[in-house]
Amino acid sequence: MNKNENLHTAKIVKNDEFYTKLTDIEKELMHYKEMFVGKTIYCNCDDPVKSNFVQWFYMRFNILHLKRIIVTAYNSDTCNGGGYYWDSDFATVDPKAIDISKEIEKDVRKLNGNGDFRSDECIELLKQADIVVTNPPFSLFREYVAQLMAYKKQFLIIGNQNAITYTSIFPYIRNNQMKYGYSIHSHDREFQVPDNYPLNAYSYRVDADGIKYIRVNGVRWFTNMRKSTETDMLILFRKYT
């Protein structure tokens with residue numbers, strides 16, 4: 001990849017840096033709780049300190065008897081250390097902590113590379129995971145899903161609803177290898193964005209603490225997992241006249 005391509009990729013990932021709200025995460029993940037039990041969860045597009053995905057799993061580490069939580073974050077500024085990660089295998093998990101972000105921050109480590117989910121370093125961590133849960137860059141959605149499928153991983157991710165029209169995605173939908181999630185139905189969703197994010201979306205706000213939010217149209221959950229609330233076809237055994 002040449003230097004210009006590197007800059008282009010960095011710009012895309014930076015512009016895709018949306019933080020999913022905890023309420024939206026809770027509404028979806030609650031339907032899969034039984035499937036998380038005893039598993040290794042990988043959030044490979046997440047700032048371990050800021051991500052609400054990480055917060056959700058951290059708070060339920062003991063309840064779900066999770067085996068492990070792995071988190072990796074992309075950082076294009078390799079001159080200042082590049083990407084970073086958090087791994088419950090190398091940390092003390094205290095779900096009752098008053099400030100979970102500070103607890104996680106104490107054990108954040110540097111990656112050798114930039115933390116791109118396509119890097120060899122992150123792929124090695126992906127191989128160790130059972131389920132991937134995150135909000136990947138929408139602009140890299142095709143590549144992201146292709147990687148999950150190639151490594152046969154269960155996943156629960158956020159993407160644009162139009163992804164089902166992509167020639168590389170539709171076959172997964174058609175073959176029942178991938179489907180919409182439970183809680184979002186063709187609605188827009190509000191995401192927190194970094195302080196330096198340009199507020200040029202059709203709808204945005206800045207709260208009393210100066211935190212920026214934008215609304216993104218057509219957001220859906222995508223998964224290849226069977227929801228714990230999903231039931232088999234009802235078998236009728238009696239007729240009434």
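In this predicted model, the protein's secondary structure consists of eight helices and 11 strands. The chain holds 241 residues, and 44% of them count as buried. Its accessible surface comes to about 13,400 Å², with 50% of that area belonging to carbon and sulfur atoms. Among contacts with a separation of 6 or more, 70% link residues that stand 24 or more positions apart.

Two residues, T72 and Q55, help to bring these overall figures down to the level of single side chains. T72 is found in strand β3, which covers residues 68–73. With a relative accessible area of 0%, T72 falls under the 20% cut-off and is therefore buried. Once neighbours within four places in sequence are set aside, the contacts of T72 include a run of residues, namely Y42, C43, N44, C45 and D46. T72 is also in contact with Y84, Y85, L111, C122 and L125. One of these partners, N44, places its backbone oxygen 3.5 Å from a polar atom of the T72 side chain. The C-alpha atoms of T72 and D47 are separated by 6.9 Å, although these residues are 25 apart along the chain.

Attention now turns to a helix. Q55 belongs to helix α4, made up of residues 52–59. The relative accessible area of Q55 is 13%, again under 20%, so this residue counts as buried too. Leaving out residues up to four places away in sequence, Q55 touches V49, I100 and S101. Thus a strand residue, T72, and a helix residue, Q55, both appear among the buried positions of the model.

Notes:
Residues are numbered from 1 along each chain as its sequence is written. This is a predicted model: local features need pLDDT of at least 70, side-chain atom pairs count only at pLDDT 80 or more; totals for chains, interfaces and linings use all residues. Side-chain values use heavy atoms; hydrogens and water are left out. Helices (H or I, at least four residues) and strands (E, at least two) are DSSP runs, numbered from the N terminus. Buried means under 20% relative accessible area, exposed over 50%, partly exposed in between (1.4 Å probe, protein chains only). Contact means heavy atoms within 4.5 Å. Accessible areas come from the Shrake-Rupley method with a 1.4 Å probe; for residues, only the protein chains shown count as cover. A polar contact is a pair of N or O atoms within 3.5 Å; within protein, one must be able to donate a hydrogen and the other to accept it, and residues adjacent in sequence count only if both atoms are side-chain atoms.
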